[in-house]
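Open the model in your viewer and keep the selection box handy. We will go from one stop to the next, with a selection to make at each.

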Amino acid sequence: MVQPVKVSKKKDRTQVVVSGSLTIAQAAQLRDGLLQAFNSGKKVELSLAGVTAFDLTALQLICSAHRTSCQRGMEFTVVGDDLEQFTSVARLAGMLRHTGCVQDVNCSCIWKR
Amino acid sequence: MNDCFVQAFKDEARELLGDLEEALLQMEDNPDDLGAVGRVFRIMHTIKGSGAMFGFDDIASFTHGVETVYDLVRNQELPVSQELVSLSLSARDRILAMLEAAESGAVIDLAQNEEVIEGFRTLASCKEGAAPPEAEEARAEPLEQEPGNPVTYRIRFRPDASILASGANPLGLFRELQELGPCTIVGHTSGIQTLDQLDPELCYLFWDIILTASAGEDAIKDVFIFVIDDCQLSIAVIDDGSHQDEGGGNKKLGEILTERGDVTAEQMDELLGRQKRLGELAVEAGLVDADSVTSALLEQRHVKEVRQERQSQGQSPEAASSIRVTAEKLDVLVNLVGELVTVQARLSLVAQELKKHAELVSVAEEVERLTNDLRDNALDIRMLPIGATFSKFKRLVRDLSAELGKTIDLTTEGAETELDKTVIEKLNDPLVHIIRNSIDHGIETPQERLAKGKPKAGTIHLRAVHSGDSVLISIKDDGAGLDVEAIRAKAVERKIIPANAELPDKEIWGLIFAPGFSTAAKVTSVSGRGVGMDVVKQAIDNLRGSIDVKSEADRGTTITLKIPLTLAIIESLLVQIGKDRFVLPLSMVDECIVLTRQDIEKSHGRELLLVREQLVPYVPLRNMFRIQGDAPAIQQVVICRLEGKRIGLVVDWVIGEHQTVIKSLGRMYQQVEGMSGATILGDGSVALILDVPAIMEAAEQRQ
């Protein structure tokens, strides 16, 4: 079976690649994967390009990862978040913003559009 | 029941059926467009509701059957299919038939109604477990209440942390809310923990939802019915549309935050004292988080937008909307204005003659100004956008192309272009003929098109655009184009042109408007009987319009109709021959030049005049109308332009511009060649309106 969450160490960053559904069933796995990546101490990159479905737990986790990055002063980027599916779920959940939250000290809020 | 209400229902139902047709065709084009499905449902619902209210029980129960199926479609339990659209279009035709039967007293064919309803039942039963729409049930069921005015609600939805683990999905609830009306959703993220403290299966979010809906608070509560025990839910009305004018109607950010209980009034006062941007201050002070400010700002914007929309739609009871007036009343008004224009011209004339009465002159001028305004306004009232006519053609194209096995898209442009109601009515038949011809002869079959390397689907583009005091309506297809050789051969066969005639393509294209002309090899039910294009020409001539044809082999044909904006009052040029006066439409006049005896002698009886190096034929109207007496030594030639050609009309004097109120000639005189109507002049005498196209045709034939 294909691993839905893969963590791989690159030279300058730790990459977390998710594929298939990203819903409550995969949430724990993604959290562990992200934590592992943050613990590696390098910049973290989350790739959503291969994700076919999102739910609220996914949105919460991504937001939480960003918070973690702010708290630890580490860089966190999301690639593939321009997927129509991701944007439409985020819009429906009322996540999209013009400005970031209080934690967003370096203005890297993932919900800014 | 009051007859005028019944009539209002009939008028409204006709309008709704027009909208319904448009919505159905739109739904066919975009089967995923839930907006169009919703529109169809609402129209059916309105027809059902008002039908029952005004005693049209047959319409109400029939529509109910259809509506039931659309409820399934709306809930995405039944897909939008070609079959559904075709059935719905038949249902629309049945409703129209019932409406017309109610008017004429004709007996309605119930079997046909039953057939349509049966079709819907079969369709609905395809969906597993769906109850088929029962016409019987329809009569028993009380009609749903019509929705009221839209009200804006603020909903705060704070689900229990365990809600996601229990299998509920708040996103589904939001989708349902969006179906109720415009919805602004703000998720509060402040509760989200960092990864090491986050339990991924718990919900850390809560939401503010600003919803404008007319369905009522109960409908909103219904959305949350399955999670009501697992959440904190508060619903408050923030705008019910009754405070339209108070203080611009838009609440300040601080008011919203205080009202929600996020900040106390004292804290707010203290903040206001600091004179910085309130949202920033509130966040800096740690009283609220950024999400609350965002949410409040979005609420402010949502309410503002809803109010603007309401204002622009004129939905508030204070704003004058529109009233329904019968067309006859408008016709009477325009006629009366016409009479007034005539009398005003007379008054101006009298005032001119009695110049010493300065006061009379000034009153006459005032009356002239008012009459002009009144005339413009009255004519403007009768102006209708041509869009309604355009959308009728969508159905025509759909049905005809299906019948002929062709794939054709109809695109339109300039649907908002306005034309006089009477003109629009008279334009319908010619346009139908032209479009039928394009579908039948112009656009090739899909196989032929693919063989030519064209896209499989043909396109017919309808376009309306203003041009001076006329409207240009073009019908453009991307079909095979006119077959010049076939037209020439047919014209020779029908003895319309001599066999050795050398004609430019443009003139050959024009031959399709000759009476009894058709190049179609076989007669189809659509066209090919040889009646059609000459009828089009006749109808457009009657509208004082002109037709222009352009065609390119395998690229398509464009037929452009030039139609005057109105048939009631036109700007014209008044001329005189002997003691008789005539008017001709100013839109056709290019220029006026003098014609001396020497000029006539120089042309050696050929009746040609050199105008700026170009020969222009002229028609001495004095001879044509056999007016007694001698022409003056210096006559005037009015050069008119028509369909790209120029012709001079010779008159004794050009008097000047004139507001012509068009009166039709009595039945006895309608066949008189060269005249298209009459008008009454200021002094009470009658002037005939010259039919320039007919004069030009007669002159060409004589040559």
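Start by selecting B:Met675 in this predicted model: its bridge partner is B:Leu690, in strand E21 of chain B. Now widen the selection to the two strands involved. E20(B) and E21(B), the latter covering residues 686–690, pair in the antiparallel sense over 5 bridges.

Next, bring in the rest of the sheet. It is an open sheet of 5 strands in chain B, ordered E19-E12-E13-E21-E20, and its pairing is mixed. Colour the edge strands, E19 (653–661) and E20 (675–680) of chain B, each of which pairs on one side only. If you look along the sheet, neighbouring strands are turned by 35 degrees against each other on average, direction ignored.

**A hairpin in chain B**

Stay in chain B and select residues 556–564, which form strand E11. Is this strand enclosed or open to the outside? Of its 9 residues, 7 are buried, so E11(B) is largely enclosed by the rest of the structure.

Add residues 546–552, strand E10 of chain B, which pairs with E11(B) in the antiparallel sense over 7 bridges. Here B:Val549 stands opposite B:Ile559 of E11(B). The two strands make a hairpin with 3 residues between them. Click on B:Asp554 in the turn, where phi is positive, at about 65 degrees.

Then select residues 470–477, strand E9 of chain B, which is also paired with E11(B), antiparallel and over 8 bridges. To find the register, look for B:Asp477, whose bridge partner in E11(B) is B:Thr557.

**Over to chain A**

Hide chain B for a moment and show the strands of chain A. An open sheet of 4 strands runs in the order E1-E2-E3-E4, with mixed pairing. Strands E1 (5–9) and E4 (76–79) of chain A are its edges, each pairing on one side only. The twist from one strand to the next averages 20 degrees.

Zoom in on E3(A), residues 43–54, and E4(A): they run parallel and are joined by 4 bridges. One pair to label is A:Ser47 and its bridge partner A:Val79 in E4(A).

Now add the helices. H1(A) lies across E1, E2 (13–22) and E3 of chain A, at about 175 degrees to E2(A). H2(A) lies across E2, E3 and E4 of chain A, running at about 175 degrees to E3(A).

**Where the chains touch**

Bring chain B back and select the contacts between the chains: 27 residues of chain A meet 28 residues of chain B. Helices H1 (24–39), H2 (56–72) and H3 (84–92) of chain A each supply at least two residues of the side of chain A that touches chain B. Which helix gives the most? H2(A) does, with 10 residues. Coloured by class, this side of chain A shows 16 nonpolar, 7 polar and 4 charged residues.

**Two cores to finish**

For the next stop, select A:Val16, A:Val18, A:Leu59, A:Ile62, B:Ile209 and B:Leu211. Within the largest nonpolar core, which has 54 residues, these six touch the most other members. H2(A) gives the most to this core, with 7 residues. Centre the view on B:Ile209: leaving aside neighbours within four places in sequence, its contacts are B:Ile155, B:Phe157, B:Leu177, B:Cys183 and B:Ile185.

The last selection is a second, separate core of 47 residues, which includes B:Ile408, B:Ile443, B:Leu561 and B:Ile563.

Note on methods. Residues are numbered from 1 along each chain as its sequence is written. Chains are lettered from A and ligands numbered from 1 in the order in which they are written. This is a predicted model: local features need pLDDT of at least 70, side-chain atom pairs count only at pLDDT 80 or more; totals for chains, interfaces and linings use all residues. Two strands pair if DSSP finds at least two bridges between them. Axes are lines fitted to C-alpha atoms, for helices over the stretch in contact, and angles run from 0 to 180 degrees between N-to-C directions. Two residues are in contact if their C-beta atoms, placed from the backbone, lie within 7 Å. Ala, Val, Leu, Ile, Met, Phe, Trp, Tyr, Cys and Pro count as nonpolar, Asp, Glu, Lys and Arg as charged, and the others, Gly among them, as polar. A nonpolar core is a set of buried Ala, Val, Leu, Ile, Met, Phe, Trp, Tyr and Cys residues joined through C-beta atoms within 7 Å. A residue is buried if 20 or more other C-beta atoms lie within 10 Å of its own, exposed if 12 or fewer, and partly exposed in between; C-beta atoms are placed from the backbone.
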